[in-house]
Amino acid sequence: MEKRRMSFWQIWNMSFGFLGIQMGFALQNANASRILQIFGADVHELSWFWIIAPLMGLIVQPIVGYYSDKTWGKLGRRKPYFLVGAILASIGLVLMPQADMFIAFLPALWVGAGMLMIMDASFNIAMEPFRALVGDNLRTDQRTAGFSIQTALIGFGAVIGSWLPYALTNWFGVSNETVAGVVPMNLILSFIIGAVILVISILVTVATTKEYSPEELDSFEDHQENNDSSSLEVEKSSLLDIFEDFKKMPATMRQLSWVQFFSWFGLFGMWVFATPAIAQHIYGLPHTDSSSSTYQDAGDWVGILFGVYNLVSAFYAFALPYIAKKIGRKRTHSISLIIGGLGLLSIYIMPNENWLIVSMIGIGIAWASILAMPYAILAGSITPRKMGVYMGIFNFFIVIPQIINALIGGPLVKYAYSDQAIYALVMSGVSFLIAAALVSKVKDVDDVIQN
């Protein structure tokens with residue numbers, strides 16, 4: 001038995017929920033550091049607050065992957081998880097920028113950090129089953145296209161989320177002015193809009209996408225038996241078997257783990273320190289400034305820049321299947337990472353904020369490839385029966401480098417970089433280049449089969 005070929009619009013609808021997930025994620029990425037600074041966090045403390053994000057991924061994604069592999073109900077296999085995740089994430093989005101309303105009970109900074117934790121846990125609940133859903137539903141020859149369409153929707157969602165605060169202020173007259181300890185109205189309203197779109201987009205996927213039953217997925221497993229010896233094992237029932245699965249992960253996953261490590265180490269540094277780095281290095285502000293009108297302008301511009309790299313990634317994602325077909329997935333990913341690394345390094349030499357758009361073009365090319373190519377390579381090496389748990393385990397290699405960066409990034413900025421956050425972005429660029437070099441060590445099982 002073979003999986004049915006899905007049309008473009010079927011794949012589009014299947015991935016549409018990622019538009020809302022990434023819109024919320026982009027609002028968080030572009031503005032969480034700014035909000036935490038408004039609530040009183042120092043620059044060198046930001047990475048410690050951001051450690052919540054990878055910790056939630058480390059804990060939540062493998063567990064959700066394991067249980068979603070074994071779930072089957074009226075809504076399906078993966079859909080119940082990303083529906084619940086979307087609802088919880090929307091609550092965090094609404095409450096994080098309004099954490100000061102709870103100041104009678106706890107300091108706003110800690111409430112804001114708590115909402116960040118809720119958002120991250122919820123995004124992870126929603127995100128992992130989406131990755132597994134693409135692996136479940138698509139044939140081998142459609143996986144690159146499937147993950148690329150998913151990446152395009154991630155890009156479009158991120159553009160909307162990243163640009164929304166700037167657009168509300170400059171196009172609709174919503175104030176971005178603030179006083180000490182209070183988040184500006186344009187951010188509060190942006191997060192509320194993001195929460196609404198998140199829930200709506202998830203409902204589109206839930207309503208339009210059919211999942212294969214466990215029996216149907218079992219019938220597809222013959223295609224994977226030569227690639228993963230674990231596919232011949234008897235079905236397991238213990239959550240602790242995740243650790244056994246970790247030990248028996250496919251060789252391709254082990255090789256990709258190092259690529260992922262340096263890719264996501266670099267991304268985390270960019271997300272955490274972009275706002276203070278650009279405010280200091282481009283706008284000339286002291287590292288202690290987090291409430292001036294110039295700082296708010298810098299923060300809004302960082303949102304625009306993040307939107308640019310996500311917009312580039314959305315369009316580049318459509319080209320990825322064609323490029324990969326011509327030169328291979330590995331070479332496509334390596335070249336994309338090199339371009340992204342050079343983009344990050346170029347931020348240091350740009351003369352003003354407008355020139356940073358050029359840097360973001362390079363970062364967007366790398367971001368599209370990071371979101372698509374590793375998963376397209378990985379899916380061919382995984383048995384369908386364990387698609388969810390292995391996609392969750394693969395997330396270890398995304399969150400561990402972020403945890404390490406969270407622990408050392410702040411002290412590096414304070415003591416090694418003398419509070420100059422721009423050097424954290426330089427380090428991110430170097431990390432991308434290392435990841436690009438390590439791609440050559442990866443074995444792409446699908447490419448080997450086709451050859």
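Modeller: Let's fix one term before we start: buried means under 20% relative accessible area, exposed means over 50%, and partly exposed is in between, with a 1.4 Å probe and protein chains only. This is a predicted model, where local features need pLDDT of at least 70, side-chain atom pairs count only at pLDDT 80 or more, and totals for chains, interfaces and linings use all residues. Residues are numbered from 1 along each chain as its sequence is written, and side-chain values use heavy atoms, with hydrogens and water left out.

Colleague: OK, why is aspartate 419 called buried or exposed?

Modeller: Its relative accessibility is 12%, and the cut-off for buried is under 20%, so aspartate 419 counts as buried.

Colleague: And what makes serine 418 buried or exposed?

Modeller: Serine 418 comes out at 51% relative accessibility. The bar for exposed is over 50%, so serine 418 counts as exposed.

Colleague: Where is serine 418, and what is its phi?

Modeller: Serine 418 sits in the loop between H16 and helix H17 (422-438), with helices taken as DSSP runs (H or I, at least four residues; strands are E, at least two) numbered from the N terminus. Its phi is near 55°, a positive value in a residue other than glycine. Aspartate 419 is in the loop between H16 and H17 too, with a positive phi of about 65°. For background, most residues other than glycine have a negative phi.

Colleague: How do you know that the span of helix H16 agrees with its number of residues?

Modeller: The expected span is 1.5 Å times one less than the number of residues. For the 21 residues of H16 (residues 396-416) that gives 30 Å, and the end C-alpha atoms are 28 Å apart, so the span agrees.

Colleague: Where does H16 bend, and what follows?

Modeller: H16 bends by about 35° at isoleucine 408, and proline 411 follows within four residues. The bend is the angle between axes fitted to the seven residues ending there and the seven starting there. Among the buried residues of H16 are Phe396, Pro401, Gly409 and Gly410.

Colleague: What about helix H13?

Modeller: H13 (residues 329-346) has 18 residues and reaches 26 Å from first C-alpha to last, close to the 26 Å expected. Its buried residues include Arg329, His333 and Leu344.

Colleague: How many helices and strands does the whole chain have, and what share of its residues is buried?

Modeller: The chain has 18 helices and zero strands, and buried residues make up 63% of its 451 residues.
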